[in-house]
Amino acid sequence: MKLIKRYKNRRLYDTDLKKTIKLEDVRRYVDDGVEVKVIDNTTGRDITVQTLVTVLSTTTSDKQSLDRNKSILQQLIDERGAGVMDAMKKLMLAGIGAINLSREKAEEIFDELVKKGEMTSDEKSAAMKKMADKIDEKTDRFKEKTDKFKNKVETKVSETIEKVNVSGRVDELNRKVDELSAKLEELTRKLAEKE
């Protein structure tokens with residue numbers, strides 16, 4: 001397992017290589033089958049899920065990126081299961097919160113311009129409506145993209161869970177074959193002793 005520490009400045013530090021790394025490096029580790037664990041250096045809290053979700057959210061939605069995301073989803077499911085979807089929801093809500101904060105900040109700025117006489121109330125209303133329309137349009141596109149991404153994640157999670165269950169069954173079957181082989185060898189040995 002590769003231990004990575006995240007510092008206050010959001011820099012990631014590979015404790016094995018003793019150097020700072022980027023999110024792309026974390027992706028590469030997971031793609032190469034290396035299990036990663038990310039710890040917040042200040043609090044000591046395990047932030048692996050948040051980091052892997054961030055890696056997922058920074059990729060494009062083309063076919064190649066989706067194929068590459070399988071290894072990250074596999075590690076997320078293996079380690080955290082249901083916590084993954086919770087982290088994804090928080091990530092999406094943070095984006096929506098930023099949009100609402102922008103709307104409030106813009107309204108404060110427009111109010112200040114009206115007080116200074118640099119803008120009329122009608123101009124403020126028109127500007128707020130125009131901005132609200134743009135935010136709504138962007139929110140709709142954001143929601144559409146997050147819904148698509150959520151569906152893709154849920155599909156990959158389901159596929160990965162199915163694969164994990166299949167590999168568990170294969171391991172069980174291998175164990176039973178080994179037991180049967182041992183019993184067969186014992187019976188063969190006993191028959192040989194009787195002859």
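This passage walks through the sheet, the loops, the helices and a few side-chain contacts of a predicted model.

Let's start with the sheet. Four strands come together in an open sheet, and reading across it gives the order β3-β2-β1-β4, with mixed pairing. The edges belong to β3 and β4 (36–40), each of which pairs on one side only. From one strand to the next, the twist averages 35°. As a bit of background, strands of a sheet pair through backbone hydrogen bonds, and this can happen in a parallel or an antiparallel way.

Both kinds of pairing turn up around β1, which covers residues 2–6. With β4, the pairing of β1 is parallel and runs over five bridges. Two of the residue pairs are easy to pick out in the structure: K2 has V36 of β4 as its bridge partner, and R6 has D40 of β4. With β2, things are turned around: β1 and β2 run antiparallel, joined by three bridges. Here I4 is the residue to look for, as it stands opposite D14 in β2.

Next come the loops, where a couple of backbone angles catch the eye. β1 and β2 (12–14) are connected by a loop that contains R10. The two strands make a hairpin with five residues between them. R10 is not a glycine, and yet its phi is positive, at about 70°. How buried or exposed is R10? With a relative accessible area of 61%, R10 counts as exposed, because the cut-off for that label is over 50%.

A similar story can be told for K18, which sits in the loop between β2 and β3 (19–21). K18 has a positive phi of about 55°, again without being a glycine. Its relative accessible area is 62%, so K18 is exposed. A positive phi also shows up at G33, which follows helix α1 and has a value near 85°.

Now for the aromatic side chains. The structure holds one aromatic pair. It is made by Y7 and Y13, whose ring centres are 6.2 Å apart and whose planes meet at 80°, so the pair is edge-to-face. Why edge-to-face rather than stacked? Planes over 60 degrees apart count as edge-to-face, while stacked rings need planes under 30 degrees apart, so the 80° of this pair settles the matter. Both tyrosines can be reached in part from outside: Y7 is partly exposed at 30% relative accessible area, and Y13 is partly exposed too, at 24%.

Another ring worth finding is that of Y29. K2 lies over the face of this ring, at 4.7 Å from its centre. K2 has already appeared as the bridge partner of V36, and Y29 belongs to helix α1, which spans residues 23–31. In this helix Y29 is buried, and D25, V26, R27 and V30 are buried as well.

The last stop is helix α2, made of residues 48–57, where T48 is found. How much of T48 is accessible? Its relative accessible area is 1%, so T48 is buried, the cut-off being under 20%. The side chain of T48 reaches the backbone nitrogen of V38, with 2.9 Å between them. On a first look through the model, T48 in α2 and its contact with V38 make a good place to finish.

Methods: Residues numbered from 1 in each chain as written. Heavy atoms only, no water. Buried < 20%, exposed > 50% of the residue type's maximum accessible area, 1.4 Å probe, protein only. Phe/Tyr/Trp six-rings, centres within 6.5 Å; stacked < 30°, edge-to-face > 60°. Lys NZ or Arg CZ within 6 Å of the ring centre and 35° of its normal. Pairing = 2+ DSSP bridges. Axes fitted to C-alpha atoms, helices over the stretch in contact; angles between N-to-C directions. Polar contact = N/O pair within 3.5 Å; in protein donor to acceptor, adjacent residues only side chain to side chain.
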